[in-house]
Amino acid sequence: MAGIAFAAMVALAVGGCGSTDNADNTSSPSLQPSKPAPAPPNSAQPSVSAADGHDVHACADGNCEIAVTGPVTFRFKGPAGPATLSVTEVGPNKVEYTVKSGNGRSNGGATGPGQGCVTVLRSNGGGNSCGGLGAATRPSPQPDAVVIQAATGKDGTAIIHIVSD
């Protein structure tokens, strides 16, 4: 039985953002407790658009473009029957996932602006490639294969493409 090759993880360091605190103008600031900065709003909706929004059910037929902001698992039509994609981590400029198809498993992950991974599934095996995606927006279909592309997003939204022939 052919399996899917394990992928190497691409790890690039990314920096965080700072915030400023507004000082409270009072006559005796040493007697006033400092107020913590308000937490930024946590939006469950992706700020980037994808053809199928964030509807993982759109991927069931093996063709979709979705935006994800956190862990999610869904099934889709693979070249050798049902396959499963589990996005395990999404953050600013970060995405990690696992694909299971038949008896094979493939892990992919990328960290950094403009980074991502492409996994190709075939009925007799497959493979991964992770690194810079450049201006790639959607992977090209390949004969008798399913191509999965996961791209990082600076706001903590990853774009997932699944393309069948």
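The exercises below work through the secondary structure, the surface and the disulfides of one chain.

The model is predicted, so local features need pLDDT of at least 70 and side-chain atom pairs count only at pLDDT 80 or more, while totals for chains, interfaces and linings use all residues. Residues are numbered from 1 along each chain as its sequence is written, and side-chain values use heavy atoms, with hydrogens and water left out.

**Exercise 1.** Find how many helices and strands the chain has, and write down their pattern along the sequence.

Solution. Begin with the terms: helices (H or I, at least four residues) and strands (E, at least two) are DSSP runs, numbered from the N terminus. Counted in this way, the chain has zero helices and nine strands. Reading along the sequence then gives the pattern β-β-β-β-β-β-β-β-β.

**Exercise 2.** Describe how much of the chain is buried, how much area it exposes, and how its contacts spread along the sequence.

Solution. A residue is buried under 20% relative accessible area, exposed over 50%, and partly exposed in between (1.4 Å probe, protein chains only). By this rule, 39% of the 165 residues in the chain are buried. Next, take the accessible area, which comes from the Shrake-Rupley method with a 1.4 Å probe, where for residues only the protein chains shown count as cover. The chain exposes about 9,400 Å², and carbon and sulfur atoms supply 53% of this area. Finally, consider contacts, meaning heavy atoms within 4.5 Å. Among contacts between residues at least 6 apart in sequence, 45% join residues that are at least 24 apart.

**Exercise 3.** Locate the disulfides, and state for each one its S to S distance, its handedness and the burial of its cysteines.

Solution. A disulfide is a pair of cysteine sulfur atoms within 2.5 Å, and the structure holds two of them.

- One disulfide links C59 with C64 at an S to S distance of 1.9 Å, and with 90° about the S-S bond this link is right-handed. C59 is buried at a relative accessible area of 0%, and C64 is buried at 3%.
- Another disulfide links C117 with C130 at an S to S distance of 2.1 Å, and with 110° about the S-S bond this link is right-handed. Because C117 lies in strand β6 (residues 115–122) and C130 in strand β7 (residues 125–132), the pair ties together parts that are 13 residues apart in sequence. C117 is buried at 1% relative accessibility, whereas C130 is partly exposed at 22%.

As a last step, number the bonded cysteines of the chain in sequence order, and the pairing reads 1-2, 3-4.
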